[in-house]
Amino acid sequence: MIVAQAPGRINLIGEHTDYNLGFAMPIALEQRTTVRFEPDDSTTITIETDREAGKHAFDVTAQPGDVDGWSAYPAGVVWALAAAGHRVVGGTMSISSTVPIGAGLSSSAALECAVLLAMNEATGVELDLLDVARIAQRAENDFVGAPTGLMDQLASLHGEADRALLIDFEASDVTPVDFDPASHGLALLVVDSHAAHQHSTGEYAARRESCTRAAHVLGADSLREVQGQDVLNRIDDPTDRRRARHVLTENERVLDCGIALTAGGFRRVGDLMNQSHASMRDDFEITTPHIDLIADSAVRHGALGARMTGGGFGGCVIALVKAAEKDAIAEKIASDIAENGYPAPMIFTARAGSGAAVQR
């Protein structure tokens, strides 16, 4: 039996910058998806998961549109591998996961990467991490139909304990940066709102299209090409201008966050988180009243900074807090949420964990 694991991720800062070839700074989570694969000589893959009863099956020759639901993710991985010219085989997969689903913590990329590593181990295919990430991304984009960037897969594959990952999407470079808030008396709280986070909705695609239009108006293939230039007044459409402003200022915040972390400047990191959330709320318009309430509550009760993490319209808020106050702040956030009639959240402390791997 082959056993492969891959983590979810939290994005510390840098939202909707990946497909604009900018910068982001995620961490891999300690929460992971595990795939146990028993390959055989068949052309069918049968899957069962700890999240629901019953089994699902698909042929290794399945094409986009042939498989729906969560099974589309592993089916998409097999399709993308085969489309890239690599061998695939049938067998039985058992999937278990501690990554929350629908929370914006990239449970989909964790599943994709774990399936990919398990399949490659079974067939002897050797790929570098960038190739694995791109194949997983293609599965999500072209088979599942979610127009996501490359951040989730890179974070899941490159994760390191107590390190954040500064990703340059133009160069496809990943640079580890120390991220150990506990050594500074701090903790990273994750507040799962239980408001479902959906990448494949039209709103995500609309934001991406807006960024593409803005870049084309500026005569660029991507907004990264005009980073650092005073160009926003050349974008006539007010909505596209706001979208571009978010991306360009968010890139600056990511780089500033890397500098601050290197210097141990967590208070500056908190300020940048607050600025990022305001930009996502006002310029990119991907937060919700529920999510804004959580971020505001965290800061009001003592967090150094708080921001939504993930593609938007639900999901999680992260908050940088003093470790000695984390339980009290978590209780106050939960109380504020209840008073406003929203579902009780799941709140936990996150640490940067290791990346995807095959257990040998």
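**Exercise 1. Pairing around β1**

Which residue is the bridge partner of Q5 in β2? Work that out, then place β1 among its neighbours.

*Solution.* A word on the model before the steps: it is predicted, so local features need pLDDT of at least 70, side-chain atom pairs count only at pLDDT 80 or more, and totals for chains, interfaces and linings use all residues. Residues are numbered from 1 along each chain as its sequence is written, and side-chain values use heavy atoms, with hydrogens and water left out.

Step 1. Find the strands. Helices (H or I, at least four residues) and strands (E, at least two) are DSSP runs, numbered from the N terminus. β1 covers 2-13, and β2 covers residues 23-39.

Step 2. Look across from Q5: its bridge partner in β2 is T34.

Step 3. Widen the view. Strands count as paired if DSSP finds at least two bridges between them. β1 and β2 run antiparallel, with ten bridges. β1 also pairs with β12 (residues 357-359), again antiparallel, through three bridges. There, V3 sits opposite Q359.

Step 4. Check the burial of β1. Buried means under 20% relative accessible area, exposed over 50%, and partly exposed in between (1.4 Å probe, protein chains only). Eleven of the twelve residues of β1 are buried, so the rest of the structure largely encloses this strand.

**Exercise 2. Following β6**

Take strand β6 (residues 163-168) and describe its partners, its burial and the loops on either side of β6.

*Solution.*

Step 1. Start with β2, which is joined to β6 by two antiparallel bridges. F23 faces D168 in this pairing.

Step 2. Go on to β7 (residues 173-178), which pairs with β6 in the antiparallel sense over six bridges. D168 turns up here too, opposite D173.

Step 3. Ask about cover: five of the six residues of β6 are buried, so β6 is largely enclosed by the rest of the structure.

Step 4. Inspect the loops. D162 lies between α4 (151-158) and β6. D162 has a positive phi of about 60° although it isn't a glycine. At 24% relative accessibility, D162 counts as partly exposed. In the β6-β7 hairpin, with four residues between the strands, S172 has a positive phi near 55°. S172 isn't a glycine either.

**Exercise 3. Another hairpin**

How many residues lie between β3 and β4 in their hairpin?

*Solution.*

Step 1. Locate the pair: β3 is residues 44-49 and β4 is residues 52-59, joined antiparallel by six bridges.

Step 2. Pick out a facing pair, T44 and D59.

Step 3. Read off the hairpin, which has two residues between the strands.

**Exercise 4. Three loop residues**

Describe the surroundings of N20, V226 and V88, using contact to mean heavy atoms within 4.5 Å.

*Solution.*

Step 1. N20 is in the loop between β1 and β2. Is N20 buried or exposed? With 4% relative accessibility, N20 is buried. Ignoring neighbours within four places in sequence, N20 contacts C211, S222, L223, R224 and V247.

Step 2. V226 is in the loop between α5 (202-217) and α6 (238-262), and at 5% relative accessibility V226 is buried too. Beyond its neighbours within four places, V226 contacts L218, A220, V231 and L248. From V226 to L248, 22 residues along, the C-alpha distance is 8.4 Å.

Step 3. V88 belongs to the loop between α1 (72-83) and β5 (91-97). Leaving out residues up to four places away, V88 touches V60, V78, L81, A82, M119 and T123. For a long reach instead, try A215: it is 127 residues from V88 along the chain, with 39 Å between their C-alpha atoms.

**Exercise 5. The whole chain**

Sum up the overall build of the protein chain.

*Solution.*

Step 1. Count the elements: nine helices and twelve strands.

Step 2. Test the fold's spread. The radius of gyration is taken over C-alpha atoms, and the globule rule is 2.2 Å times the number of residues to the power 0.38. For 360 residues a compact globule would come out near 21 Å, and the chain's 20 Å agrees with that. Its C-alpha atoms fill a box of roughly 60 × 50 × 40 Å along the principal axes.

Step 3. Look at packing: 55% of the 360 residues are buried. Of the contacts between residues at least 6 apart in sequence, 73% join residues at least 24 apart.

Notes. Contact means heavy atoms within 4.5 Å.
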